[in-house]
Amino acid sequence: MERKVPIGLSNKHIHVSQADLEALFGKGYQLTPMKDLSQPGQYAAEEKVDVVGPKGTLKGIRILGPVRPETQLEVSIGDGFCLGIQAPLRNSGDIAETPGVKLIGPAGEVEISKGAIVAARHIHMSTEEGAAYGLKDKDVVCVKLDGPRGLTFDNVLVRVHPDFKLDMHLDVEEGNAAGAKNGQIATII
């Protein structure tokens, strides 16, 4: 059986804690969903912030919801150069010993002491999809993408959870290097 997976390209974005959201937008503030994302319950919010590093600023960085326990900025390697930080390649949520940045919102500013990462490529899948594909949470696979600039992605983390939906997330730089498009189908090998 071929194990197919759709590709989702991920541009720079930020996940915020409720405390940081309120510092940036005002006490009691709630995110305004703009567009649902591939994972159930996840969405792009209307709200954006500016991110300031030692060397430069990235303006209008989209917040993804819902809020999280800790604020996490996901950028590409090139975005890190613009900010003047060396964001390490990490799995989402692994923000220990990562660079911090300043966030600027309409109601205030927040200095986060950690949280800037380059998100490692990964596949989300439901428990049923994992069973059908013979994969479990935290497995690491290779994924082949065909096309004129096709390539094989090594070291792809599999994340299995009952609430997930099949989708492989690549950052925009990885996707561009392979000529990948949102929704394009790749093969887990």
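Where is the place of Lys-138? Select that residue to start the tour; the model on screen is a predicted one. Lys-138 sits in the loop between α3 and β12.

**Stop 1: the loop between α3 and β12**

With Lys-138 selected, look at the backbone. Its phi is near 80 degrees, which is a positive value in a residue other than glycine. Most residues other than glycine have a negative phi. Lys-138 counts as exposed because its relative accessibility is 63%, and the cut-off for exposed is over 50%.

Next, select Asp-139, which belongs to the loop between α3 (127-133) and β12 (140-145). Is Asp-139 buried or exposed? Its relative accessible area is 16%, and buried means under 20%, so Asp-139 is buried. Display the side chain of Asp-139 together with the backbone of Lys-136: a polar atom of that side chain lies 2.8 Å from the backbone nitrogen of Lys-136. Then show the contacts of Asp-139. Not counting residues up to four places away in sequence, Asp-139 touches Gly-134, Val-156, Leu-157 and Val-158.

**Stop 2: strand β13**

Select residues 151-160, the strand β13, and pick out Phe-153 within it. At 4% relative accessibility, Phe-153 counts as buried. Which residues does Phe-153 touch, not counting those up to four places away in sequence? They are Arg-121, Val-141, Cys-142, Val-143, Leu-145, Met-168, Leu-170, Glu-174 and Ala-178. For a distance check, draw a line from the C-alpha atom of Phe-153 to that of Ile-185: the separation is 13 Å, for 32 residues along the chain.

Stay in strand β13 and move to Asn-155. Asn-155 counts as exposed, with a relative accessibility of 60%, whereas Phe-153 counts as buried. The phi of Asn-155 is near 55 degrees, again a positive value in a residue other than glycine.

**Stop 3: His-15 in strand β2**

Select His-15, found in strand β2 (residues 13-15). His-15 is buried, with a relative accessible area of 4%. Turn on side chains and look for two polar contacts. One, of 3.3 Å, joins the side chains of His-15 and His-13. The other runs from the side chain of His-15 to the side chain of Arg-68, at 3.4 Å. Arg-68 also appears in the contact list of His-15, which leaves out residues up to four places away in sequence and holds Leu-64, Arg-68, Glu-70, Thr-71, Gln-72 and Glu-74.

**Stop 4: the largest pocket**

Keep His-13 displayed and add Ser-10, Leu-37, Leu-64 and His-169; of the 41 residues that line the largest pocket, these five lie nearest its centre. About 920 Å³ of space lies in this pocket. To see the framework, colour the elements that give two or more residues to the lining: β1 (3-10), β2, β3 (33-36), β5 (57-65), β10 (116-119), β11 (122-125) and β14 (167-171). Which element supplies the largest share of the lining? That is β14, with 4 residues. Coloured by class, the lining shows 13 nonpolar, 16 polar and 12 charged residues.

**Stop 5: a cis peptide bond**

Select Gly-65 and Pro-66. The peptide bond from Gly-65 to Pro-66 is cis, with omega near 5 degrees. Most peptide bonds are trans. Pro-66 lies in the loop between β5 and β6 (72-74).

**Stop 6: Pro-99**

Select Pro-99, in the loop between β7 (89-90) and β8 (101-104). Leaving aside neighbours within four places in sequence, Pro-99 is in contact with Ile-85, Gln-86, Ala-87, Pro-88, Ser-113, Lys-114, Gly-115 and Ala-116. From Pro-99, go to Tyr-29: the two are 70 residues apart in sequence, and their C-alpha atoms are 26 Å apart.

**Stop 7: the aromatic pair**

The structure holds 1 aromatic pair. Why is the pair of Phe-25 and Tyr-29 described as stacked? The ring centres are 5.0 Å apart and the planes stand at 25 degrees, and planes under 30 degrees apart count as stacked. The two partners can also be coloured by accessibility. Phe-25 is buried, with a relative accessible area of 14%, while Tyr-29 counts as partly exposed at 26% relative accessibility.

Conventions:
Residues numbered from 1 in each chain as written. Heavy atoms only, no water. Buried < 20%, exposed > 50% of the residue type's maximum accessible area, 1.4 Å probe, protein only. Polar contact = N/O pair within 3.5 Å; in protein donor to acceptor, adjacent residues only side chain to side chain. Contact = heavy atoms within 4.5 Å. Phe/Tyr/Trp six-rings, centres within 6.5 Å; stacked < 30°, edge-to-face > 60°. 1 Å grid on protein atoms, 1.4 Å probe; cavity = no way out; pocket = protein on both sides within 12 Å on 5 of 7 lines; lining within 4 Å. Points joined across faces, edges and corners; volume = space filled by probe spheres on them. Nonpolar A, V, L, I, M, F, W, Y, C, P; charged D, E, K, R; others polar.
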